[in-house]
Amino acid sequence: MKKIAQLALLLALVLGAFQSANAALLLEPQVGFSLGSKLDFKDGEKYSGGMGLSYGGRVGYQNMGLQLGLDYLASSVDMDDKDFKSNVKTSEWAAFAGFRFPILVKVYAGYIFSATGDSKVDVLGSSQNLDLSNGSGYKLGVGYTLLPFVDLNLEYRQGTYGEYKVGGTKIKEDVNFSSYLLSVSLPFTI
């Protein structure tokens, strides 16, 4: 939570500087599908092939094509494995920077500073809660403007959860994650 407060303060200072340069407020809700999701545990357990619905959005400033702001994404992904009894629900916060070219293309990158996830897994024949936490990573994306207010985006996300808890046992080991996101967004500038 302290990281979020520090990043919000830094973002407010940067965006305040852009405000004096006639920048516009950017609001960009999005919805799409996570594809090819993977979870790799340090003990060798690997889960892949998941896909599911994702939604979120970006808020920030845009000035002469340059975009800066915060990005939120929530996903509900079904993993193709017998151990997962339900889908994996994830939540990510990221700081992003991007550029919208005049030729209807945008590119962006983001630093994921907070990522969590939860699911139910089968442990020795018993269903247990799996909580993933302390996640961080990065995202890279490209978007194409189909209509004046509709963008089609392709994004790659990769990172690491710093710890996880199964049932009541907390384990401080890295769990790597990666996923693609195909989404539609509605970028508005005010």
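Modeller: Before we dig in, a cavity here is a set of grid points where a 1.4 Å probe fits but cannot get out. Keep in mind that this is a predicted model.

Colleague: Fair enough. How many cavities of 30 Å³ or more does the structure hold, and what volume does the largest cavity have?

Modeller: With that cut-off, the structure holds one cavity. As for its size, the volume comes to about 140 Å³.

Colleague: Which residues lie nearest the centre of the largest cavity?

Modeller: The lining has 15 residues, dividing into seven nonpolar, five polar and three charged. Strands S1 (24-41), S3 (66-78), S4 (88-100), S7 (150-166) and S9 (175-185) each give two or more residues to it. Nearest the centre lie Ser37, Leu39, Val77, Thr90 and Phe177.

Colleague: On to the rings. What kind of pair do Phe41 and Tyr47 make?

Modeller: The whole structure has eight aromatic pairs. For Phe41 and Tyr47, the centres are 5.9 Å apart and the planes stand at 90°; over 60 degrees counts as edge-to-face. Both residues are buried, and ring pairs link them with Tyr164 into a cluster. So the Phe41 and Tyr47 pair is edge-to-face.

Colleague: And Phe99 with Phe101: buried or partly exposed?

Modeller: Their ring centres sit 4.9 Å apart with planes at 70°, so that pair is edge-to-face. Buried would need under 20% relative accessible area. Phe99 has 30% and Phe101 has 35%, so each counts as partly exposed.

Colleague: Last one: over the faces of which rings does Arg58 lie?

Modeller: One ring centre is 5.7 Å from Arg58, that of Phe96. The other is at 4.3 Å, that of Tyr108. That gives Phe96 and Tyr108.

Definitions and conventions: Residues are numbered from 1 along each chain as its sequence is written. This is a predicted model: local features need pLDDT of at least 70, side-chain atom pairs count only at pLDDT 80 or more; totals for chains, interfaces and linings use all residues. Side-chain values use heavy atoms; hydrogens and water are left out. On a 1 Å grid over the protein atoms alone, a cavity is a set of points where a 1.4 Å probe fits but cannot get out, and a pocket is an open set with protein on both sides within 12 Å along at least five of seven lines; lining residues have an atom within 4 Å of a point. Grid points are joined across faces, edges and corners, and a volume is the space filled by probe spheres set on the points. Helices (H or I, at least four residues) and strands (E, at least two) are DSSP runs, numbered from the N terminus. Ala, Val, Leu, Ile, Met, Phe, Trp, Tyr, Cys and Pro count as nonpolar, Asp, Glu, Lys and Arg as charged, and the others, Gly among them, as polar. Rings of Phe, Tyr and Trp (its six-membered ring) pair if their centres lie within 6.5 Å; planes under 30 degrees apart count as stacked, over 60 as edge-to-face and the rest as tilted. Buried means under 20% relative accessible area, exposed over 50%, partly exposed in between (1.4 Å probe, protein chains only). A charge sits over a ring if NZ of Lys or CZ of Arg is within 6 Å of the ring centre and within 35 degrees of the ring normal.
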